[in-house]
Amino acid sequence: LVLFAQFTIRELAMLSILSCGASAYFVGAPLPQQTAAAQLGSRSCAIDMSIVKLGTRGSPLALAQAYETKRRLAEAFPDELGADDAVEIKVIKTTGDMVLDKALKDVGGKGLFTKELDVSLLNGDVDCCVHSMKDVPTWLVPGTILPCNLPREDTRDAWISPSGKLPQELPDGAVIGTASLRRQAQLYAINPTFKCVNFRGNVQTRLKKLEEGIVDATMLAKAGLNRMNLEEHITAVLEWDTCLPAVAQGAIGIQIREKDEKMSRYIGALNHEPTKVAVDCERAFLAALDGNCRTPIAGQAKIVDGQLRFEGLIAKVDGTTVLRTSRTGPLSDAAKMGTEAGEELKAKVGGDALAFFGEGEVLPEPKSSVTGVETDGLGGYVKGEYAMDESGKDPGFAKAQ
């Protein structure tokens, strides 16, 4: 035991491979004359050198977040996870990535971006999953926990318009691309003549659609644009009083299996407590309202002078009614503040938030009025120059601070 204590986990794995290979050679006949069964037994001794298998979606933004997690793990555990092959990135396609011609609310909501990752985690195919927290349902699959949030990026929405005009400056009837009912409701509150249309796909795809003149403007999370060095496309950053961001926007979360001591040690070391406190408050607000992708709900919390400040919002899909609430309190009351804020707004609409929201919709995405480009049936522009790199390699964006 004293001898083996000198070795790292990776060195012990190498010793296991060498030992396994040696036994296969000396026990059997000379290698060229080995039977097929003996050769198969020898091959079965090979050990996967990755210590952590990390599951992620395959979009450029998801990969950027996954590789950022890998880098942070290497920095926190250089002896165990510092080698490049110590953490393996495994790309998992989700339903939300493959069905792009419909609004999220019409195909199941947020769980579309996490369901396949949940299955892989519970089956042991991966050891952890990296998520954009705003995609994660408030109810986690039993047997999993989400104990870690990385340091949060800018949470605000970015407004992108080739004309350079702000929302208040666009003409009546302007077409705005967004699949988000939250953004749609707040835009209609600014100008009820706006026409919001479905506008899905990864960030790069949406920017290309915008260049083709499909819409007059669109909105994206500034966090994603920052992480991919695409800030030059931003016309303006919208403050909370113009467009309150989504719950958990700008936050990365890491999900693991319950009672997994190894991953708890690794992932726990990465947790950024100020982000975790804010996200826990926001998600409690969303849970109190039974919120999902069918409901225009916004909520943001941040620490100001040692206190947690929270703002929440619910709205009619058409923007005719917008109700806000706010809270300030100690960090230890984060979840309580979020829950109470949600219950307050729920009481204001007679205790039935879902009835208040009603049945809203985002109009179908039109084809380009400039080039005539149409979708390929999925709405994702997956052909030609729109095809997404499926290699799973690091997209090479700047490291998040």
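Helices (H or I, at least four residues) and strands (E, at least two) are DSSP runs, numbered from the N terminus. Residues are numbered from 1 along each chain as its sequence is written. This is a predicted model, where local features need pLDDT of at least 70, side-chain atom pairs count only at pLDDT 80 or more, and totals for chains, interfaces and linings use all residues, while side-chain values use heavy atoms, with hydrogens and water left out.

**Exercise 1.** Look just after α8: which residue takes a positive phi there, and which residues of the helix are buried?

*Solution.* Start with the helix, residues 203-211. Val203, Thr205, Arg206, Leu207, Lys209 and Leu210 are buried (under 20% relative accessible area, with exposed over 50% and partly exposed in between; 1.4 Å probe, protein chains only). Next, see what these buried residues pack against: β5 (157-160), β8 (217-221) and α9 (222-227). Finally, just past α8, glycine 213 has a positive phi of about 80°.

**Exercise 2.** Find out why cysteine 129 has no bond to cysteine 128.

*Solution.* Recall that a disulfide is a pair of cysteine sulfur atoms within 2.5 Å. The closest cysteine sulfur to that of cysteine 129 belongs to cysteine 128, and it lies 6.8 Å away, so it is too far for a bond. Searching the whole structure gives zero disulfides.

**Exercise 3.** Place aspartate 127 and find its side-chain partner.

*Solution.* First, locate aspartate 127 in the loop between α6 (115-123) and β3 (128-132). Then check its relative accessible area: 13%, so aspartate 127 is buried.

Lastly, its side chain makes a polar contact of 3.4 Å with the side chain of arginine 257 (N or O atoms within 3.5 Å; within protein, one must be able to donate a hydrogen and the other to accept it, and residues adjacent in sequence count only if both atoms are side-chain atoms).

How values were computed. Contact means heavy atoms within 4.5 Å.
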